[in-house]
Amino acid sequence: MNFDQALDACRREFDIVAEIDLAKWGTDYAQGQQWLETILREIRRDVFAPQELIVLLHRQDFFTPDSRVGLILKNLQVLLNEVDISNYFVRVLSSDPNIDQTRLWLLSNSTDTVPLTIDAVDDQFDAVELTHHPASLKETYQYGSSNPLKINIQDLSLRERELLTESKTFCMYPWIHLHAFPTGDAHPCCYSEMSHQIGHTKENTLAEIWNDQPMRDLRIRMLNNETSGACKKCYEQEANGFFSGRQSANKHHGHHVQRALATHDNGHLDQFEMTYWDIRFSNLCNLSCRSCGHIFSSSWYKDQSQLAGPEWAQRHQVLNFAGRTQTDIWEQLVPHLDYVEQIYFAGGEPLMMD
């Protein structure tokens with residue numbers, strides 16, 4: 001079925017509110033965004049009739065090296081959310097041969113519980129390959145792009161730009177962040193594999209872990225564009241077309257990329273100023289959610305003891321806290337207050353913790 005036939009089928013079944021050819025997006029990214037937003041705002045209604053439909057023809061799109069999801073369809077879903085047009089009244093006719101991957105991305109990035117309907121059309125498709133994500137004054141957030149938010153990408157050196165937008169392994173977290181469980185197990189971030197610890201906060205200070213061998217090795221591997229076992233989840237997310245935690249780190253903290261260039265050959269970093277905090281101070285919690293466990297909820301202790309047996313109960317106590325004392329981690333974080341930009345509170349239940 002070609003575009004003409006697919007359009008005729010829609011006309012027979014629905015009352016068409018508008019037919020929009022997305023090829024009119026053009027080659028200017030910012031103007032294309034403005035064009036599509038203007039059209040959607042013009043046709044938006046507070047109420048659509050059940051048989052009314054907006055049809056969009058998708059015969060061309062732009063692709064960046066780190067994503068096989070077209071920029072036009074990404075912007076379409078974002079704009080539908082912003083303009084407040086339900087996906088229910090929208091149908092995309094697409095000749096993109098890889099449209100199934102796009103469906104997954106749109107499903108995970110829409111605020112609408114109804115998925116966007118995309119019908120595959122057997123017709124010509126123009127896939128325009130870009131060397132990088134085009135920056136836009138309007139799209140300050142740049143959905144689907146790891147371009148840093150707090151610095152102009154044009155002001156970066158070639159090496160900085162390579163690390164943040166082209167590397168498949170580089171992540172800002174080992175230069176700005178440490179993560180610790182209530183048990184004291186330390187990790188480069190909360191996404192990292194639990195089997196790849198970088199230290200233990202009951203045995204070492206945060207400063208000691210910061211430049212211990214595991215962290216130095218991780219930085220070296222990232223700078224050399226080598227994969228790391230701790231980062232498996234992000235690699236899998238990106239391989240399946242999703243925006244990963246690694247890319248999010250580069251996007252929101254990429255303005256600190258000069259720290260990476262200041263790394264010594266052995267991975268040592270002189271600057272220890274954590275701008276992103278995600279420390280689970282303790283497992284104190286009044287809930288025992290079945291998706292959780294004793295590591296993150298003290299209320300799980302009774303059930304965990306029954307499941308694991310008396311020997312487990314003898315080796316573990318109800319309350320766990322990261323650090324050598326109950327206030328140790330907080331005391332170590334106080335000097336970083338002058339640098340912190342983002343704090344992720346979790347636990348346990350952080351609002352119960354002194």
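**View 1. The lining of the largest pocket in this predicted model.** Welcome to the pocket: 21 residues line the largest one, and those lying nearest its centre are Phe 281, Gln 326, Trp 330, Met 353 and Asp 354. Two elements, strand 10 (276–279) and helix 14 (328–333), each give two or more residues to this lining. Helix 14 gives the most, with 3 residues. By residue class, the lining divides into 17 nonpolar, 3 polar and 1 charged. The space in the largest pocket comes to about 490 Å³.

**View 2. An open sheet of 4 strands with parallel pairing.** Follow the strands across the sheet and you will meet them in the order 1-2-4-5. The edges belong to strand 1 (15–21) and strand 5 (117–120); each has a single partner strand, so one side of each is left without a neighbour in the sheet. On average, neighbouring strands here are turned by 25° against each other, direction ignored.

**View 3. Strand 1 beside strand 2, with helix 2 packed on the sheet.** Here we look at the parallel pairing of strand 1 with strand 2 (residues 52–58), which extends over 6 bridges. To find one pair of bridge partners, look for Ala 18 and, in strand 2, Ile 54. Helix 2 (residues 29–43) touches both strand 1 and strand 2, and its direction makes about 170° with that of strand 1.

**View 4. Helix 4 across three strands.** Finally, meet helix 4 (residues 99–108), which lies across strand 2, strand 4 (90–94) and strand 5. Relative to strand 5, helix 4 runs at about 180°.

Note on methods. Residues numbered from 1 in each chain as written. Predicted model: local features only at pLDDT ≥ 70, side-chain atom pairs only at ≥ 80, totals over all residues. Heavy atoms only, no water. 1 Å grid on protein atoms, 1.4 Å probe; cavity = no way out; pocket = protein on both sides within 12 Å on 5 of 7 lines; lining within 4 Å. Points joined across faces, edges and corners; volume = space filled by probe spheres on them. Nonpolar A, V, L, I, M, F, W, Y, C, P; charged D, E, K, R; others polar. Pairing = 2+ DSSP bridges. Axes fitted to C-alpha atoms, helices over the stretch in contact; angles between N-to-C directions. Contact = heavy atoms within 4.5 Å.
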